[in-house]
Amino acid sequence: MSSHSMGLVTRKVGMTRVFTDDGESIAVTVLDASGNRVTQVRTQEVDGYSAVQVAFGTRKPSRLTKAEAGHLAKAGVEPAEILKEFDVPAEKAAEYAPGAAVPVTLFQVGQLVDAQGISIGKGFAGSIKRHNFSSNRASHGNSVTTRAPGSIGMAQDPGRVFPGKRMAGQLGNETVTVQNLQVVRIDEARQLILVKGAVPGSRSGYVFLRPAVKSAAGGR
């Protein structure tokens with residue numbers, strides 16, 4: 001997500017559904033955006049780029065290194081679980097100061113957003129499940145090769161398997177971005193954002209939310 005726009009660090013609470021006024025059921029993901037606070041404002045003059053660094057979550061001070069504790073103490077914020085930088089234009093970064101809270105009202109109902117998280121790890125998977133390949137016929141003597149990957153290389157020339165060949169391996173546990181999700185509801189009191197559809201990651205996982213980069217309705 002390379003858009004130069006401010007975002008929020010959220011925690012995935014889980015999925016539920018909401019009903020529209022005409023009775024339609026919409027599956028939504030609930031994201032907890034409470035406790036976003038600014039720890040540092042990067043400037044072109046000092047850092048060579050403009051960005052806003054945001055802290056999320058809480059942790060025991062004993063779990064921080066002295067450098068981390070000093071960095072957060074300088075900004076006047078409590079110990080955090082995670083720090084995330086959002087690239088923003090200099091004029092936008094100037095609107096924030098260390099220690100300031102980033103409210104959930106950064107987004108509005110109906111806005112399109114991009115959600116980035118770490119997908120659920122599923123361990124070692126075969127080529128069919130991992131890459132959505134088709135299996136071989138399950139009849140006429142094909143009992144041992146039904147879910148086999150098939151040929152993976154060529155003859156003596158070139159005599160090797162090309163890098164990037166889609167084969168069996170680890171499935172999931174990678175950074176995934178789902179684009180153009182619609183904000184269905186915002187609970188300002190509890191600092192919750194309800195987004196239509198599913199977002200990457202397990203429950204309690206971090207999800208980075210920012211305005212959609214491929215839609216005019218994403219920015220504000």
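Helices (H or I, at least four residues) and strands (E, at least two) are DSSP runs, numbered from the N terminus. The model is predicted, so local features need pLDDT of at least 70 and side-chain atom pairs 80 or more, while totals for chains, interfaces and linings use all residues. Residues are numbered from 1 along each chain as its sequence is written, and side-chain values use heavy atoms, leaving out hydrogens and water.

**Exercise 1. Place Leu-106 and decide whether this residue is buried or exposed.**

Step 1: Look in the loop between α3 (90–93) and β6 (112–118); Leu-106 lies there.

Step 2: Apply the cut-offs: buried means under 20% relative accessible area, exposed over 50%, and partly exposed in between (1.4 Å probe, protein chains only).

Step 3: Leu-106 has 15% relative accessibility, so this residue counts as buried.

Step 4: Try a distance too. Leu-106 and Val-46 are 60 residues apart in sequence, and their C-alpha atoms are 27 Å apart in space.

**Exercise 2. Find how many aromatic pairs there are, and describe the geometry.**

Step 1: Start with the rule. Rings of Phe, Tyr and Trp (its six-membered ring) pair if their centres lie within 6.5 Å; planes under 30 degrees apart count as stacked, over 60 as edge-to-face and the rest as tilted.

Step 2: Count by this rule, and you get one aromatic pair.

Step 3: The ring centres of Phe-56 and Tyr-206 are 6.3 Å apart and the planes stand at 85°, so this pair is edge-to-face.

Step 4: Now trace the chain. Phe-56 belongs to strand β4 (residues 51–56) and Tyr-206 to strand β11 (residues 206–211), so the pair ties together parts that are 150 residues apart in sequence.

Step 5: Check the accessibility of each partner. Phe-56 is buried at 2%, whereas Tyr-206 is partly exposed at 29%.

**Exercise 3. Work out which rings the charged end of Lys-84 sits over.**

Step 1: Recall the test: NZ of Lys or CZ of Arg must be within 6 Å of the ring centre and within 35 degrees of the ring normal.

Step 2: Lys-84 sits over the ring of Phe-86, with its charged end 5.9 Å from the centre.

Step 3: Lys-84 also lies over the face of Phe-208, at 4.5 Å from the ring centre.

**Exercise 4. List what Ser-5 touches.**

Step 1: Find Ser-5 in the segment before β1 (8–19).

Step 2: With a relative accessible area of 13%, Ser-5 is buried.

Step 3: Look for contacts, meaning heavy atoms within 4.5 Å. Leaving aside residues up to four places away in sequence, Ser-5 touches Phe-86, Asp-87, Val-88, Arg-210 and Pro-211.
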